[in-house]
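Here are a few short exercises to work through with the model open beside you. Try each task before you read its solution.

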Amino acid sequence: ITLHNDTGNTLTELEKIRENFVKVYSPLPLPRTVRENFNKGILLMTEAKLARERSDLALAETKLEKAKTLMVTNNSKAKAMLENYFKALPEWKSLVQTAITQSANKQSAVIIVKKMDFELQVYQNGLLKARFDVEFGPNWIGKKNVRGDKATPEGLYQVVHKKDQRRTIYHKALSINYPNNEDRIRYRNSVASGTISRRQDIGGSIEIHGGGGRGFNWTNGCVSLTNKDMDIIYGMVSEKTPVVIVGSTEPLEKYIE
């Protein structure tokens, strides 16, 4: 009876961890080993459940021990990755607040992109006027470093070109000035330290463009909206409109609780 109760309690505990992982961490660009090892834990948990139903409690207990190790360890790794990402929160909040204040002072528009919310906002004269769902590159957490890394940049940029249907395959597009000076400095430092090969180019051609609404992160690092939403934002902004791309302006607790 004790072993039956113990395995039942462990299953309940692991099910809560599984639900939390699926909700919070599964949508993130996790390292492949973290995702694979967590899924191995889920498989072992399922096998333990079947063993328990056959009253093979010893086998269920063994599988649950292995499942718990895998699931707890890799849930912790995913959480640590997100905690590390959110160390930039003060910088993100400062960038966004400064941009909104300037929008109010200059009676102008600003684009704010919040990655954790998959949202693009347009402020006009310091007031929020519109918000849109967006999609990014598959490796969207963190800054863009090199061409081909499928990462969406973070920082302060501006619109440098407005492209209509004749100048882009993505319906309409707003080109931004990635890489900016900070991106170039970070790139040169990374090359000098050996963390990035000299053969790797910093990349460019980052845009806010149409063709989105696919339900997953698919771009090469751009920010994508539906064509309908792209039509709206295209009419709201101009060349030299500031573009701020950040992780969030909300604390980490909003996303992990």
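**Exercise 1: a tyrosine pair and its proline neighbour**

Tyr178 is buried, with a relative accessible area of 5% (buried means under 20%, exposed over 50%, partly exposed in between, with a 1.4 Å probe and protein chains only). Before going on, note that this is a predicted model in which local features need pLDDT of at least 70 and side-chain atom pairs pLDDT 80 or more, while totals for chains, interfaces and linings use all residues. Residues are numbered from 1 along each chain as its sequence is written, and side-chain values use heavy atoms, leaving out hydrogens and water.

Task: describe how the rings of Tyr157 and Tyr178 are arranged, and find which parts of the chain the pair ties together.

Solution, step by step:

1. Take the accessibility of the partner: Tyr157 is buried too, at a relative accessible area of 2%.
2. Look at the geometry: the ring centres of Tyr157 and Tyr178 are 6.4 Å apart and the planes stand at 55 degrees, so this pair is tilted. Rings of Phe, Tyr and Trp (its six-membered ring) pair if their centres lie within 6.5 Å; planes under 30 degrees apart are stacked, over 60 edge-to-face and the rest tilted.
3. Place the two residues: Tyr157 belongs to strand β4 (residues 155-163) and Tyr178 to the loop between β5 (173-176) and α5 (181-193), so the pair ties together parts 21 residues apart in sequence. Helices (H or I, at least four residues) and strands (E, at least two) are DSSP runs, numbered from the N terminus.
4. Check the next bond: the peptide bond from Tyr178 to Pro179 is cis, with omega near 0 degrees. Pro179 lies in the loop between β5 and α5. For context, most peptide bonds are trans.

**Exercise 2: more aromatic rings**

Task: how many aromatic pairs does a search of the whole structure find?

Solution, step by step:

1. The search gives 11 aromatic pairs.
2. One of them joins Phe136 and Trp140, a tilted pair with 6.2 Å centre to centre and 40 degrees between the planes.
3. Phe136 is buried at 0% relative accessibility, and Trp140 is buried at 1%.
4. Ring pairs also link Tyr85, Phe86, Trp92 and Tyr255 into a cluster.
5. Charges meet rings as well: the charged end of Lys162 sits over the ring of Tyr234, 4.4 Å from its centre. Arg214 lies over the face of Trp218, 3.4 Å from the ring centre. The test is that NZ of Lys or CZ of Arg is within 6 Å of the ring centre and within 35 degrees of the ring normal.

**Exercise 3: two helices and the loop between them**

Task: are α2 and α3 roughly parallel or roughly antiparallel?

Solution, step by step:

1. The axes of α2 (residues 32-53) and α3 (residues 57-85) come within 8 Å and cross at roughly 155 degrees. Axes are lines fitted to C-alpha atoms, for helices over the stretch in contact, with angles from 0 to 180 degrees between N-to-C directions.
2. The two helices are therefore roughly antiparallel (over 145 degrees; under 35 is roughly parallel, 65 to 115 roughly perpendicular and the rest oblique).
3. Now visit the loop between α2 and α3, where Ser55 is placed. Ser55 is exposed at 59% relative accessibility, and its phi is near 70 degrees, a positive value in a residue other than glycine.
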